[in-house]
Amino acid sequence: MTVAIVLAAGAPAAGLPTGTGEPLADRLAAQLRRAGADRVHTVTDLPALAALVDTVTGPVLVTGGDLVAHTAVLRHLATSPVGPTVALVLTDPPAAGATVVREERGQVVDAGPELPDATGVFGGALRVGADDLPALAAAARSAAVAPAAGAAVDRLFAALTDLGTLTFAHRVRLLVAHRVADPAGLAAAETALAGVDEDRAQLRLSVKERDDFFTTYFVSTWSPYVTKACARLGLTPTGVTMVSVLFAVVAAVLFGAGGRPALVAGAVLLYLGFVLDCVDGQLARYTRHFSAWGGWLDTMADRAKEYLVYAGLGYGATHAGFRYGWALAIAAMTLQTVRHMTDAWYGVLHDEAARRPRPAGPAAGGIGGKLNAASTRVQADTGSVSYWLKRTVVFPIGERWALIAVTAALFGPLVSLVSVLVWGVLAFGYTGALRTLRARWMWVPVLDTVDATLHRDDGPVAARLPVVRPMGPLTLAVLGALGPAVLLVVGLFRSAGDGDPGGLRWWLPVALVVLLVAGLGAGAAHNGPLDWLVPAALRAGEYLFAAVVGVVGGVPAWLVFGYLFVLTVHHYDLTARLEKRQAAPPLHAWTLGWEGRSVLLAVAAIAGFAAPAMATIGTYLLVVFVASVVLAWVVLPARAGRAAAVPVRGASPG
């Protein structure tokens, strides 16, 4: 249940009559109800607000009494999925006593009446998540003790920021929101409101403000019409996601079938599937139907679709006579997964750095700082060639799907896979080099803020290994991946020369021991400037070792791909939970850890049962994953709902 509070203190405009004759504060209260608030209260001072917040258990919407805005602005603020606590930020010139803010990566990192490097003005409205309500009450009491000029809502927000509350900025685009101080300002703001078609603006807002080149010019130019049609048909974002998955699956089958008509049809379906992949998010933003389940499913579906397409291309290339079609598909999936791991963890590092004081002295002017400043300038110039080059060179999902569709239709699966690998390697090198330099400038203990053991995917073996601290977890993880990599190269050369890679079976224990070196850093502090690379290095080590077992043990390439596909699903589950700040999967302890799975594969391969073992372990992991999903999203929420519905003995039913 969402509670809304109109804080009229210090806002003389709250009593001004609007165009309908009702006071502005009363109209705000009515708008908050239409925006989804279950209860709306109007309070006249900060102590009363603090007392009210003490009685609330759900999210709270707080607005000043001087805000003139479309109802959609308040609805978007109330339903924003970026974080539990979100503040409205405007570009209006700051009035006397107004609170200005400084943002980094969408986070409000500073707020007050005066900031030399302010990026916006507090819009007089915020949504506070349930976990931050104690901080909101404390901020209200603190701001009430030392009153100052200006609206009470400004002092409240400045005090909340001073307490270190993580607050995300909600910017207003296309719609109208202004804070007013007199009848003339109110009349001007209402005129601006009347000049905007609220529904049309919301439909345009459903498209991401900044997207990739292909998505911007070849999808988003017409996808809003599909979004509007889906809304009228009553389709849900999850339903659209499922249809996009179906399109990708059929495209993968057509790529595998081969033949020019099938390849062209597969390319068309892949494009349409990507359009629907954009529409599901646009539909969620347009209808404001957000959920943790929907966000998780969208992330998982995106990766599953892409890798199923790789499988179709791998089968098609092999079916066309290329011996290593499946090997290319495995390489593409491994490369993309490792890239995504670095993307996720670098994002966490960057968010942590944004919340910390800016470095001073030489650190601020080093190469990392200069690169960071240059990147900020390029990202701000959204119409420049350099902006689009930077967005495109990193090989985002829109460009990947476009490249796959075009190359598959014109040249076939082999060229498509090679193109994906070449561009992917170049993009990985480019982003990796720049991020490494920038990360050394930021240098924050990124993995100290989360459960490093969970996101390393350590199992019982790694937990019992001694800790080698002087070398650092990243060095150990990279060394661990080298053993499988060397043995894989030797095995592939033997196979290419019509030799018997099975003769390398007795080298598997050596490669396993080298891999387990990565486990020696499990208990070490992951607070080095480059330790955000550790999860990616561990993924590379495990995937390479599974590929080695496949080559040495004579496992069919399609089975190796299937096993690695299940591993990527498991690891993307962890990544999605990291990005959404969710807890570990319910059955994570049953997944054995990267080292436990590798030990089982090695023992089975040495005994001559590599293929049955890989099939068995893969099936087991898939069953555990499905069971964990059911528990996390169905069983446990249902139990929590039943527990919440049970009345406390002795309490009144009301």
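The lining of the second largest cavity comprises five nonpolar, three polar and one charged residues. This is a predicted model, and the tour starts at that cavity.

**Stop 1: the second largest cavity**

Select M341, W345, H455, P535, R539, H571, L574, T575 and L578, the residues that line the second largest cavity. The space they surround has a volume of about 50 Å³. Now colour by element: helix 13, helix 23 and helix 24 each supply at least two residues of this lining. Helix 24 has the largest share, at four residues.

**Stop 2: the largest cavity**

How many cavities of 30 Å³ or more does a search of the whole structure find? There are three. For the largest cavity, select H570, D573, P585, L587, H588, T591, L621, V624, F625 and S628, which line it. Helix 24 and helix 26 (610-645) are the elements that give two or more residues to this lining. Helix 26 supplies the largest share of the lining, four residues. The volume of the largest cavity is about 80 Å³. By class, its lining residues are five nonpolar, four polar and one charged.

**Stop 3: the second largest pocket**

Next comes an open space, the second largest pocket, which holds about 690 Å³. It has 27 lining residues; to centre the view, select Y324, A327, I330, L492 and V551, the closest of them to the pocket centre. Show helix 13 (325-354), helix 21 (473-496), helix 23 (534-552) and helix 24 (557-579) as ribbons, since these are the elements that give two or more residues to the lining of the second largest pocket. Which helix gives the most to this lining? Helix 13 does, with seven residues. Colouring the lining of the second largest pocket by class gives 20 nonpolar, six polar and one charged residues.

**Stop 4: helix 9 against helix 11**

The remaining stops are helix pairs. Two packed helices are described by the angle between their axes and the distance between the axes.

Select residues 223-233, helix 9, together with helix 11; the two pack at an angle of about 60°, and their axes are 9 Å apart. At that angle helix 9 and helix 11 are therefore oblique to each other. The crossing of helix 9 over helix 11 is right-handed. To see the contact, show side chains for S223, P224, V226, T227, K228, C230 and A231 in helix 9, which meet V275, L276, V279, Q282, L283, Y286 and T287 in helix 11. Nine residues of the contact of helix 9 with helix 11 are nonpolar, four are polar and one is charged.

**Stop 5: helix 11 against helix 12**

Keep helix 11 (residues 260-287) and add helix 12: their axes come within 11 Å and cross at roughly 170°. This makes helix 11 roughly antiparallel to helix 12. Which residues of helix 12 are met by L270, G273, D277 and D280 in helix 11? They are D298, D302, K305 and V309. Coloured by class, the contact of helix 11 with helix 12 shows two nonpolar, one polar and five charged residues.

**Stop 6: helix 12 against helix 18**

Hide helix 11, keep helix 12 (residues 292-319) and add helix 18 (residues 413-442). Helix 12 and helix 18 pack at an angle of about 130°, and their axes are 8 Å apart. The two helices are therefore oblique to each other. Are they crossed left-handed or right-handed? Helix 12 and helix 18 make a left-handed crossing. On the helix 12 side, select Y310, L313, G314, G316 and A317; on the helix 18 side, select P413, L414, S416, L417 and V420, and the contact is complete. The contact of helix 12 with helix 18 contains seven nonpolar and three polar residues, with no charged ones.

Definitions and conventions. Residues are numbered from 1 along each chain as its sequence is written. This is a predicted model: local features need pLDDT of at least 70, side-chain atom pairs count only at pLDDT 80 or more; totals for chains, interfaces and linings use all residues. Side-chain values use heavy atoms; hydrogens and water are left out. On a 1 Å grid over the protein atoms alone, a cavity is a set of points where a 1.4 Å probe fits but cannot get out, and a pocket is an open set with protein on both sides within 12 Å along at least five of seven lines; lining residues have an atom within 4 Å of a point. Grid points are joined across faces, edges and corners, and a volume is the space filled by probe spheres set on the points. Ala, Val, Leu, Ile, Met, Phe, Trp, Tyr, Cys and Pro count as nonpolar, Asp, Glu, Lys and Arg as charged, and the others, Gly among them, as polar. Axes are lines fitted to C-alpha atoms, for helices over the stretch in contact, and angles run from 0 to 180 degrees between N-to-C directions. Angles under 35 degrees count as roughly parallel, over 145 as roughly antiparallel, 65 to 115 as roughly perpendicular and the rest as oblique. A crossing is left-handed if the near helix is turned anticlockwise from the far one by less than a right angle, and right-handed if clockwise. Contact means heavy atoms within 4.5 Å.
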